[in-house]
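Work through the following exercises with the sequence and the model side by side. Each task is followed by a solution that goes step by step.

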Amino acid sequence: MDAPNKEFALAGSLEELKAKGRLVVHGGHRPILVIYDRGRVFALDNRCPHMGFPLERGSVEHGILTCHWHDARFDLESGCTFDLWADDVPICPVEVRNGNVWVKTAFGHADPAAHWHQRLANGLAHDIGLVIAKAVHGQLAADVSLTDIVRQVALFGAQNRDGWGMGLTILTALGNLLPVLPEEEAYLALLHGARRAADCDGEAPRRERAPLGSRPDAAALKRWLRRWASVRHREAAERTLLTAIAAGVSPAVLADALLAAGTERAFADTGHSLDFINKAFECLDLIGWEHAAALLPTVVGQMVAARGAEESTAWRQPVDLVALCEEAASELPELFAAGRGARGWSDHAALTRELLSDDPAKIVDVLKAAIRAGAAPADLGRSLAYGGALRVARFGNANEHADWETAHHVFTHANAVHQMLKRIGTANADGHLMAVRGVLHGAMALYLTRYLNVPPARLPGEGGAQLDDLPTGAEMIRAALLDAFDRQRQVDLAARLVARHLTLGYSPQALIATLARAVLREDAGFHAYQMLEAGVRQFTAWGGADEGRHILIAVARYLAAHSPTERAALQTADIARRLMRGGELHKEAGAS
Ligand code: FES
């Protein structure tokens, strides 16, 4: 029969093709459409790259193939689409020999990793979810590392938007979770992260700024950064930060400088400003600190523009909380000096209980006492973060729905402060003093949200609350949890199932993967990703005892209050996966 080689299959005779106009070859991986048009023969994947409709049902005119489902149009020769949302159709080699038509039945690329890297770049540039999903899937199939994919997306987001945004925060939060996610959830996480980071439509691209020609010492750069933050001078702050990076200042010193500058305003932008700064640091941990100059300055614009809580009435009356914080901040050098000799402070949970008091002066006093007793800045941050989680775990169901976000802001801000203080450490005894203002501000934000726990929701599994009516097996509990997230307002049931899972001693990792699944199958809001990741961080810090359980209960209650959603992204992920895996995607439609 004179086949070009074994990879080619006989489609039919040229005469038959001419007579019929098109033939379909059922290759091993996917059906192939062979078309005769104006004296030439073409072969393409028969499945429309948009949603898999059989292209054999389309029409050809002037070298353009039109799919008859959503009317996407393709160049017959190259497979390239005229409608970017539909993606290009893969084509395959075709040869005519001795009156017979042969097609190569295997599709592929000489360098799949490079091909899908470029496709992801295209998908991000045009913000096309389906192209992004296929490219992520293609890169994973080509054994591109998760880190490389996160890096590509993060650098795209940093260059194509004039400032750090929600998308990069989501990407980083999900990037942090990748090590604990099963394969399917990792694909969804990358897809959500990429789609949200690609949302740069209408945004001004970033304008590069240069470091100063001089290299002042770190203390001077930190002083300047605080000054530029306080007078809202963005360009000056960016050049100062770039100079520090160019000087090779360590991540810990950079963190100290930015946290000091970021706390020039109290609880700036309801905590988002510090959360974004912390996420930029975590993103660099993921993608490599050699990208610091491209990424870190993106947080500066928001930091200097942020509105501080000192501008709001609630922080000034009836008690001047800002004055309380400023007075305590002025005592920090003396307090930390007094605590320097003490060792082994570990009263984290006890401190949290006192931070939840309803007297702001007393709250400041217990923080001061803890410092004198030897608590390090990161210890304070950890206690504060647990307090924030308890606000969510005990969030009363009678509150307005929007108040979930109020509780969420306090928790995620506290988590960011905790992570930044851990990063800063205590190597430089005087270096972290300004940064500890983040704890004072967080403690006041926690105080102001005390009404959210009046009356408090009961923590499941405590005070004699029974959980025996719930399933016993680990998988049944997790299935029931996903079922609860599938229905609206199952806040308390979700909390009880989490408590059931943990009190029976089942794997926290499996539970966390289920919570991640619950977020990743939804078109989740920005805060859901933040809540999940901060909760997992804090669970890791606190472990599986009561505190860890309360933290995951907080996560589950928040997620249950915001589920379910439309799940459009999950549908896109599923279509992309099925198109990439081959097979007759639209068989039902093809048979109808
Ligand atoms: S345009 Fe072909 S399936 Fe939508």
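**Exercise 1. Describe the chain as a whole, beginning with the share of its residues that count as buried.**

Solution. In this predicted model, 56% of the 592 residues of the chain count as buried. The next step is to list the secondary structure, which comes to 25 helices and nine strands. Taken along the principal axes, the box filled by the C-alpha atoms of the chain is roughly 95 × 70 × 40 Å. The area that the chain exposes is about 24,000 Å², and carbon and sulfur atoms supply 50% of it. As a last step, consider the contacts between residues at least 6 apart in sequence, of which 73% join residues at least 24 apart.

**Exercise 2. Check whether the span of helix H23 agrees or disagrees with its number of residues, and say how covered the helix is.**

Solution. Helix H23 takes in residues 546-561, which makes 16 residues. The expected span is 1.5 Å times one less than the number of residues, so the helix should span 22 Å. The C-alpha atoms at the two ends of H23 are 22 Å apart, and therefore the model agrees with the expectation. Turning to cover, 15 of the 16 residues of H23 are buried, so that the helix is mostly covered under the cut-off of 20% relative accessible area.

**Exercise 3. Place Ala 414 in the fold and decide whether it is buried or exposed.**

Solution. Begin with the secondary structure: Ala 414 lies in helix H17, which runs over residues 403-424. The relative accessible area of Ala 414 is 1%, and because buried means under 20%, Ala 414 counts as buried. When residues up to four places away in sequence are left out, Ala 414 touches Gly 381, Leu 384 and Ala 385. For a distance across the model, take Ser 563, which is 149 residues from Ala 414 along the chain, while the C-alpha atoms of the two are separated by 24 Å.

**Exercise 4. Describe the largest pocket and its lining.**

Solution. The volume of the largest pocket is about 620 Å³. Its lining is made up of 30 residues, and those closest to the centre of the pocket are Arg 30, Pro 90, His 109, His 115 and Trp 116. Sorted by class, the lining of this pocket holds 15 nonpolar, seven polar and eight charged residues. At least two lining residues come from each of helix H2 (112-126), helix H3 (129-141) and helix H24 (568-581).

**Exercise 5. How many cavities of 30 Å³ or more are there, and what lines them?**

Solution. Rolling a probe the size of a water molecule over the atoms shows where empty space is left. The count comes to two cavities of 30 Å³ or more.

- The largest cavity has a volume of about 60 Å³, and among the residues that line it are Ala 218, Leu 221, Thr 240, Val 249 and Ala 257. Helices H7 (218-230), H8 (234-246) and H9 (251-262) each give two or more residues to this lining. By class, the lining of the largest cavity has nine nonpolar residues, one polar residue and no charged residues.
- The second largest cavity has a volume of about 40 Å³, and its lining consists of Arg 161, Gly 167, Leu 168, Arg 196, Ala 197 and Asp 199. Helix H5 (166-177) and helix H6 (183-197) are the elements that give two or more residues to it. This lining divides into two nonpolar, one polar and three charged residues.

Key: Residues are numbered from 1 along each chain as its sequence is written. This is a predicted model: local features need pLDDT of at least 70, side-chain atom pairs count only at pLDDT 80 or more; totals for chains, interfaces and linings use all residues. Side-chain values use heavy atoms; hydrogens and water are left out. On a 1 Å grid over the protein atoms alone, a cavity is a set of points where a 1.4 Å probe fits but cannot get out, and a pocket is an open set with protein on both sides within 12 Å along at least five of seven lines; lining residues have an atom within 4 Å of a point. Grid points are joined across faces, edges and corners, and a volume is the space filled by probe spheres set on the points. Helices (H or I, at least four residues) and strands (E, at least two) are DSSP runs, numbered from the N terminus. Ala, Val, Leu, Ile, Met, Phe, Trp, Tyr, Cys and Pro count as nonpolar, Asp, Glu, Lys and Arg as charged, and the others, Gly among them, as polar. Buried means under 20% relative accessible area, exposed over 50%, partly exposed in between (1.4 Å probe, protein chains only). Contact means heavy atoms within 4.5 Å. Accessible areas come from the Shrake-Rupley method with a 1.4 Å probe; for residues, only the protein chains shown count as cover.
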